[in-house]
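Colleague: I am new to this structure and would be grateful for a close look at a single part of the model. Could you please describe that part at length, together with its surroundings?

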Amino acid sequence: MFSHAALNASLNGTSAILLACGYTAIRNGKMRIHKAFMISAVAVSLTFLVSYIVYHVRVGHVPFQGQGWIRPVYFTILISHTFLAVVIVPLVIITLRRAWLEKFDKHKLIARWTLPLWFYVSVTGVIVYILLYEVYPPRAG
């Protein structure tokens, strides 16, 4: 069965793929394709955010079960992911606004920061899911 947590990880992974495709498109001068990928990445990320909130309202906190050396690794990834997930929201909004207003010189300046941070948040979201639910699954209770 496909869990709600797996859905959230899939949305994060899809966002990362869309971001990579958008980056590739703009590097190849395909602005309309870039725009479509980036709007899709925003839509998928917003869907993730709503789904994530609904999940955690329903389920609450899920404790990490891993022990030993993996705990500091996991929590380092989780803390950086969580911090940057908060930081990325205003960066995405500013980046999108500059593109919408066709201020492409300013858009490009901030997008150089927004894209890699957003990509990191998306990929680490998948890693957190894998560690939390697949490698060290919660105890049945």
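**Helix H4 and its partners**

Modeller: A suitable place to begin is the crossing of H1 with H4, in which H1 passes H4 in a left-handed manner. The model under discussion is a predicted one. Helix H1 covers residues 4–27 and helix H4 covers residues 104–135; the two pack at an angle of about 150°, and their axes lie 9 Å apart. An angle over 145 degrees counts as roughly antiparallel, and H1 and H4 are therefore roughly antiparallel to each other. On the side of H1, the contact is made by Ala5, Ala6, Ala9, Asn12, Gly13, Ser15, Ala16, Leu19, Ala20 and Tyr23. On the side of H4, the residues that take part are Leu115, Trp118, Phe119, Val121, Ser122, Val123, Gly125, Val126, Tyr129 and Tyr133. By class, the contact of H1 with H4 comprises 15 nonpolar residues, 5 polar residues and no charged ones.

Before the other partners of H4 are described, the setting may be given. The protein has 4 helices and 0 strands, and from the N terminus on its elements follow the order α-α-α-α. Taken along the principal axes, the box filled by the C-alpha atoms is roughly 55 × 30 × 25 Å. Of the 141 residues in the protein, 35% are buried. Among contacts between residues at least 6 apart in sequence, 72% join residues at least 24 apart.

The next partner is H2, which spans residues 31–59 and packs with H4 at an angle of about 40°, with the axes 12 Å apart. That angle makes H2 oblique to H4. The crossing of H2 and H4 is left-handed. From H2, the contact draws on Met31, His34, Met38, Ala41, Val42, Ser45 and Tyr55, while H4 supplies Phe104, His107, Leu115, Trp118 and Tyr133. The residues in the contact of H2 with H4 divide into 9 nonpolar and 3 polar, with no charged ones. Leu115, Trp118 and Tyr133 of H4 are also listed in the contact with H1.

The remaining partner to be described is H3, which runs over residues 70–100. The axes of H3 and H4 come within 7 Å and cross at roughly 150°, and this crossing is left-handed. The contact of H3 with H4 contains 22 nonpolar, 7 polar and 2 charged residues.

Individual residues give a finer view of the pairing of H3 and H4. Threonine 114 belongs to helix H4. Buried means under 20% relative accessible area, and threonine 114, at 3%, therefore counts as buried. Its side chain is joined to that of threonine 95 by a polar contact of 2.8 Å. Apart from neighbours within four places in sequence, threonine 114 touches Ile88, Leu91, Val92 and Thr95.

Leucine 117 is likewise found in helix H4. With a relative accessible area of 22%, leucine 117 is partly exposed. When its neighbours within four places in sequence are left aside, leucine 117 is in contact with Leu84, Ile88 and Leu91. Ile88 and Leu91 also appear among the contacts of threonine 114. The C-alpha atoms of leucine 117 and arginine 98 are separated by 18 Å, the two residues being 19 apart along the chain.

Attention may now turn to the region where H3 gives way to H4. Alanine 99 has its place in helix H3. At 24% relative accessibility, alanine 99 counts as partly exposed. Beyond its neighbours within four places in sequence, alanine 99 contacts Phe104 and His107. Phe104 and His107 are also listed for H4 in its contact with H2. Between alanine 99 and alanine 25, which are 74 residues apart along the chain, the C-alpha separation is 15 Å.

Glutamate 102 is placed in the loop between H3 and H4. Its phi is near 60°, a positive value in a residue other than glycine. Exposed means over 50% relative accessible area, and glutamate 102, with 60%, is therefore exposed.

To draw the description together, H4 crosses H1, H2 and H3, in each case with a left-handed crossing. Charged residues are absent from the contact of H1 with H4 and from that of H2 with H4, whereas the contact of H3 with H4 has 2 of them.

Note on methods. Residues are numbered from 1 along each chain as its sequence is written. This is a predicted model: local features need pLDDT of at least 70, side-chain atom pairs count only at pLDDT 80 or more; totals for chains, interfaces and linings use all residues. Side-chain values use heavy atoms; hydrogens and water are left out. Axes are lines fitted to C-alpha atoms, for helices over the stretch in contact, and angles run from 0 to 180 degrees between N-to-C directions. Angles under 35 degrees count as roughly parallel, over 145 as roughly antiparallel, 65 to 115 as roughly perpendicular and the rest as oblique. A crossing is left-handed if the near helix is turned anticlockwise from the far one by less than a right angle, and right-handed if clockwise. Contact means heavy atoms within 4.5 Å. Ala, Val, Leu, Ile, Met, Phe, Trp, Tyr, Cys and Pro count as nonpolar, Asp, Glu, Lys and Arg as charged, and the others, Gly among them, as polar. Buried means under 20% relative accessible area, exposed over 50%, partly exposed in between (1.4 Å probe, protein chains only). A polar contact is a pair of N or O atoms within 3.5 Å; within protein, one must be able to donate a hydrogen and the other to accept it, and residues adjacent in sequence count only if both atoms are side-chain atoms.
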